[in-house]
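Colleague: Could you walk me through this structure? I would like to start with the aromatic rings and then move on to the charged residues.

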Amino acid sequence: KMTKTIIKLTVRDVRFPTSLEQHGSDAMHTDPDYSVAYVVIETDQGMQGYGLTFTVGRGTEIVVCAVEALSALVVGKSLEEIVSDFRGFYRLLTSDGQMRWIGPEKGVIQLATAAVLNAVWDLWARSEGKPLWKLLVEMDPRKLISCIDFRYITDALTEEEALGTSLDQMLKEGYPAYTTSCAWLGYSDQLLKQLCTDALNDGWTKFKVKVGADLKDDIRRCSLIRQMIGAHNTLMIDANQRWDVGEAITWVTRLAEYKPLWIEEPTSPDDILGHAAISKALAPLGIGVATGEQCHNRVMFKQFLQASALQFVQIDSCRLGSVNENLAVLLMAHKFKVPVCPHAGGVGLCELVQHLILFDYISVSASLDNRMCEFVDHLHQHFRSPVVIQNAHYMPPKDPGYSCEMLESSVQTHQYPQGQVWKKLQ
């Protein structure tokens, strides 16, 4: 049933004008237009796989170019050929003798790789008639491990070690989530209070606040949110890479009285030793460091873990090389006993990453201790199988695939620059 040959790959630039209402605004990204490079692969039997990678507006066209450059490596291959040696196929895309020069395994080319591979995983799960998390959970562990490229990480995790981690436990009430929708940096205090009240009424207990632009402002907003949510609920803060190392330590120390569980992305996402210094300085205050949404690849995650530079691993379904590379990071995090709390939001990130975190819980960590998955309540209406949140928990998706498929009408109206939405704004 798997000798489906991929005969076509299309990619489109799809953007949503979220900057108009300051959705997604933070200390570094003040006016994001949530966007995707949206990939559709088609087989000779008429089956389709859908994939995407997330961006914040300008530059999406560059990711589209990179996807087009990779498409020659995909078209003409059969699904069976790909998944029988998925590690080899991952390496084909990430280590092409010429294209790797503009990576390797980082930046635009890795985002493009993620979009293409996400579509392949979606196609595989659909061809098996399973949601992606179930495909992973039910897969023979050896087969699963064979999807991972262990190159450059064997000093932290070997294939043999990875094989020893499988457990099996099923979810009844879903996977705990936290919300970032209440406190984008560009929101007024009045809107913040309203959204916070609504979220509390909907059963949310874990809240994240954007910080980093102005200390007085941060003190006021953290104080306001902490007052609203009470001492028993959880608060996290996120600076989106705003500070230098020393500044991060000073600034977060000033916010310590609001008892944040973590400070997210305090400094450059590439500064592993800087994160280690911040972690060490904040440990006595009981504040952890979380990062990962812009961590390039498994090799960097390996070093973050080896250097004790983070207390919370934040994987991203579209930044790393798709499911393949995320599996490597989930398994390393388990070995180093660091909880995984994925980054989500944007366009489609919640839809995708829920599959990975369900797999992590059922087959790897078997723990919900200090674990939760981000949720942002924007743009879900554009997906054929949007996330289902019940009582602040992600409910396991039931539809076959990787939940990447967007409504064709949404894609067409938001396609950049020719879609209706953008024509009106010009």
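Modeller: Gladly, and please keep in mind that this is a predicted model. A good place to begin is Trp 121 and Trp 124, which are both buried.

Colleague: Where do Trp 121 and Trp 124 sit along the chain, in terms of helical turns?

Modeller: They belong to helix H4 (residues 107-127), and because they are three residues apart there, about one helical turn separates Trp 121 from Trp 124.

Colleague: How many aromatic pairs are there, then?

Modeller: The count comes to 13 aromatic pairs. In the pair formed by Trp 121 and Trp 124, the ring centres are 5.1 Å apart and the planes stand at 35°, so this pair is tilted. These two residues also form one aromatic cluster together with Phe 86 and Phe 89.

Colleague: And what about Phe 375 and Tyr 394, how are their rings arranged?

Modeller: Their ring centres lie 6.1 Å apart with the planes at 80°, and since planes over 60 degrees apart count as edge-to-face, the pair of Phe 375 and Tyr 394 is edge-to-face. Phe 375 lies in strand E10 (residues 373-375) while Tyr 394 lies in strand E12 (residues 393-394), so the pair ties together parts that are 19 residues apart in sequence. Phe 375 is buried, and Tyr 394 is buried as well.

Colleague: Which charged residue sits over the ring of Tyr 416?

Modeller: That is Arg 15, whose charged end is 3.7 Å from the centre of the Tyr 416 ring.

Colleague: Switching to charges in general, how many salt bridges are found?

Modeller: Searching the whole structure gives 22 salt bridges. In one of them, the side chains of Lys 302 and Asp 155 meet with an N to O distance of 3.0 Å. This pair links distant parts of the chain, as Lys 302 is in helix H12 (residues 298-306) and Asp 155 is in the loop between H6 and H7, 147 residues apart.

Colleague: Are Lys 302 and Asp 155 buried or exposed?

Modeller: Lys 302 has a relative accessible area of 9% and is therefore buried, whereas Asp 155, with a relative accessible area of 54%, is exposed.

Colleague: Which residue does Glu 161 form a salt bridge with?

Modeller: Its partner is Lys 335, and the closest N and O atoms are 2.9 Å apart. Glu 161 is in helix H7 and Lys 335 in helix H13 (residues 322-335), so that distant parts of the chain, 174 residues apart, are linked by the pair. Glu 161 is partly exposed, having a relative accessible area of 35%, and Lys 335 is partly exposed too, with a value of 36%.

Colleague: Let's turn to Asp 149. Where is Asp 149 found?

Modeller: Asp 149 is in the loop between helix H6 (141-145) and helix H7 (159-163), and with a relative accessible area of 3% it is buried. A polar atom of the Asp 149 side chain lies 3.0 Å from the backbone nitrogen of Arg 151.

Colleague: What does Asp 149 touch, leaving out residues up to four places away in sequence?

Modeller: Asp 149 touches Arg 87, Tyr 90, Arg 91 and Arg 298. Asp 149 is also part of a network of salt bridges that links Arg 91, Glu 105, Asp 149, Arg 298 and Glu 325.

Colleague: Last one: which residues does the UniProt domain annotation cover?

Modeller: According to the unreviewed UniProt entry, the annotation "domain: Mandelate racemase/muconate lactonizing enzyme C-terminal" covers residues 189-285. In the model, that span is 52% helix and 15% strand, and its end C-alpha atoms lie 27 Å apart.

Terms used. Residues numbered from 1 in each chain as written. Predicted model: local features only at pLDDT ≥ 70, side-chain atom pairs only at ≥ 80, totals over all residues. Heavy atoms only, no water. Phe/Tyr/Trp six-rings, centres within 6.5 Å; stacked < 30°, edge-to-face > 60°. Helix = DSSP H or I, 4+ residues; strand = E, 2+ residues; numbered from the N terminus. Buried < 20%, exposed > 50% of the residue type's maximum accessible area, 1.4 Å probe, protein only. Lys NZ or Arg CZ within 6 Å of the ring centre and 35° of its normal. UniProt positions renumbered as here; feature names shortened; annotations may be inferred. Polar contact = N/O pair within 3.5 Å; in protein donor to acceptor, adjacent residues only side chain to side chain. Contact = heavy atoms within 4.5 Å. Salt bridge = Lys/Arg side-chain N within 4 Å of Asp/Glu carboxyl O.
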